[in-house]
Amino acid sequence: MPTDAPIWLALVTSIAPIVLLRAIWRKKSAYKFATIGIALALFTASVNLWAKAKGWEFGLVYAFAATSLTAWIAVALNHERKPRLRNSSSLRMNPKINAIGKQSTRTKTLPVALLKFLMAGPLSGLAACIILLALGEALPVNRVNQLVITGIGFPILWAAFSVWICSRQAFINQTLSILSASLFSVGFLLY
Amino acid sequence: MFSNEIVKRGLSAHSVIGLTVGALLYIICLTGTLAVLEHEIERWQQPTIPEFETLNAKAIAHSSNQFLRKTQSQAESLYVVLPTKELPRAHISDVETEYYLSEQGDLIAPPVEGFLHLLVDLHVHLHMGETVGIIFVSCLGAMLLALIVSGILAHPKIFKEAFRLKLGGQKRLEQVDIHNRLSVWGLPFHIMMGITGAFFGLVGIMATIAANFYYQGDTQALMDDVYGADPVITAPPTSIISEDSVEKALSYFSELNGDNEQKIKPIYFVFQKLGAENHFFEVAATHPGRLIYSEIYRFYPNGDFMNYQQLSDGSTARQIAYSVYRLHFGQFDNPLVKIIYIVLGLSLTIVCVTGINIWMARTQQGERLKSAWAGIVWGTPLSLCMCAILFLIIEVNSIIDFLLVLAVNVVIAMALNHEERSQRTLKTLLSASLICLTLIHSIIFKEVAFSGIFALINSSLLVTALIILFNTHRKQNSSLINNTLATNNK
């Protein structure tokens, strides 16, 4: 077997799920759920094959990158081109979505906007860090592993808090919940 | 997939966060994409430095002793960075002073803080100062994750539109399609970039907070636990690095590798605490198939092996923490990874731009604001290019130049007061400046500009310029045709 055969096999199994998904999407496959199942199985196989060819660490990166790049190629192949509509009044705007867009970026007052920024930004970041340190303390792993898990989870929890706060016009309940959770966490960490 | 209420809230959060950080994220993504090529840019901006792929023990010892004599350095650590396939040039540094080395270990010339410095610092800390800047940029990494989460919530037809791409037609719908297709299919990469990008700066904040709870405020003790502490040894003090000890250390790696096809490769030496009783030296070496930046092997001053830091086989946490750099910057395996990272990085950059474009179209913003945004989008690469030209001609390069050129670009775009015209003008200027950059580089370094990697970089710059130029004028022609058709229909 040639030395680069596993790489080619991995590449083919990365491309195949996208081809199958595209077929379902274009309604060419009658067995929708079965096809999705096969696509998932192929993707799992591709991860394993990439790992075999390149080791787990590089293999995971290659598997996901190959899937992304194949999907973009499939999207590009599927593109439709129309002449550009220039007149803005002729735009087929969805009034509901348009209203959300305008509403979401409209702030009632500057202090409220600043408060939201502070809460969704630095304060929820700090809260995320403290809450994760407290959660990490409960994990059945050693201190070093706890710290690194906290370090990786920190931006994810911060992101979730920011989305939670920014998704509401009135964010007092979210603010109070996050602050209470972080105070509770400080208490837990201290005692 | 989600209820209307969730979609509405997701969209609301996505818009608020996107508008707050979109422009900065764009600059970080663009510079990050270019920074993937940091080794190539380093070679390109100083192409006359001698290149080779190995540095022997004699040259390492000679360069270190020569450096210490010349600089009278009292620094705690002296680094000798060995040539690699990606960056086939050696250099020596005590952090304050740095020199490139010849194959024999002679000090050749100091590296210039040129265009690469501007680019990397823009990406890593937006020139806001190292500590504040890296924390700020890391916060933007967390906000990128927030955008990803809210983007998924705001996307009700994630499967239904999985492969749809309608170009032309309404600009908003076109931008939505580009934004969604790139972001949905690039999701694993974008999440990884957000997490690893946030990790660099936020780990410092987290360490400070955690140290207060677990280490009585001693952050260094925490870092030592995570990354491993320095060894405590006693040896007669010396400020001379012997060729024998370096040779002994290098032969340790030859024994370690044996007949293995994939080898553990030393990438740099660090002579620690020179002149003190507890001096020793370390050799960082890459492990095949691993994302860890390196394993650190420690040696006694006489070259006998002491131990290694267990970055490759210590706790999982330590291995993960030490793998973040290569994973974020795509510096592993082969050059293909760099190309993949550039494509994926460009996709994230385009997602940032189309996100703001969608908001502009949806809220029907005026031409002035749209033009200003076009000024930032096309003015940023143009400013980077102008800075590279300035560096080549007068060896001046600072963030002030970059900001000044960017400001001028934005002003030009706003003065034109027409989004498409602004884009067209700046894209044409960008193409012209890329061509100028290639020409200037070729004239200044005519002996090497068309050989090896330099020829590849210069031709890539030319091709990029031509693609942008072609794309700009094709779009201009198609808009003219559309306008004519629209007039005839009326």
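**Notes on the A/B model**

1. Starting with the interface: 66 residues of chain A are in contact with 81 residues of chain B. Keep in mind while reading on that this is a predicted model. The area buried between chain A and chain B comes to about 6800 Å², and carbon and sulfur atoms give 71% of that.

2. On the charged side of the interface, the count between chain A and chain B is 2 salt bridges. If you want to pull one up in the viewer, go to Glu57(A), which forms a salt bridge with Arg290(B). The closest N and O atoms of Glu57(A) and Arg290(B) are 2.7 Å apart.

3. Over all chains, the structure holds 14 salt bridges. One that sits inside chain B joins the side chains of Arg89(B) and Glu51(B), at 2.9 Å from N to O. What does this pair tie together? Arg89(B) is in the loop between β1 (77-81) and β2 of chain B, and Glu51(B) is in the loop between α2 (38-45) and α3 (57-71) of chain B, so the salt bridge links parts that are 38 residues apart in sequence.

4. Staying with β2 of chain B, have a look at the hairpin. Strand β2 (residues 90-93) of chain B pairs with strand β3 (residues 98-101) of chain B in the antiparallel sense, over 4 bridges. Across the pairing, Ile92(B) stands opposite Tyr99(B) in β3(B). There are 4 residues between the strands of this hairpin, and Val95(B) takes a positive phi near 80° there. That's the backbone angle I'd point you to in this hairpin.

5. Now the domains of chain A. The domain assignment gives domain 1 (5-77) and domain 2 (102-190) for chain A. Taken over C-alpha atoms, the centres of domain 1 and domain 2 of chain A lie 36 Å apart.

6. Chain B is cut up another way. Its assignment gives domain 1 (1-46 + 113-228 + 318-364), domain 2 (51-111 + 229-309) and domain 3 (365-490), so watch the segment bounds if you script selections. For domain 2 and domain 3 of chain B, 43 Å separate the C-alpha centres.

7. Last, a surface item on chain A. Trp8(A), Leu11(A), Ile15(A) and Val19(A) make a nonpolar surface patch of about 370 Å². To find the patch, start from Val19(A), which is placed in helix α1 (residues 5-25) of chain A.

Conventions. Residues are numbered from 1 along each chain as its sequence is written. Chains are lettered from A and ligands numbered from 1 in the order in which they are written. This is a predicted model: local features need pLDDT of at least 70, side-chain atom pairs count only at pLDDT 80 or more; totals for chains, interfaces and linings use all residues. Side-chain values use heavy atoms; hydrogens and water are left out. Two strands pair if DSSP finds at least two bridges between them. Helices (H or I, at least four residues) and strands (E, at least two) are DSSP runs, numbered from the N terminus. Domain bounds come from an automatic or database domain assignment. Patches are made of residues with over 30% relative accessible area and no salt bridge: like charges are joined within 9 Å, nonpolar side chains (Val, Leu, Ile, Met, Phe, Trp, Tyr) within 5 Å. Accessible areas come from the Shrake-Rupley method with a 1.4 Å probe; for residues, only the protein chains shown count as cover. A salt bridge is a side-chain nitrogen of Lys or Arg within 4 Å of a carboxyl oxygen of Asp or Glu. Contact means heavy atoms within 4.5 Å. Buried area is the accessible area (1.4 Å probe) that two parts lose on being put together, summed over both.
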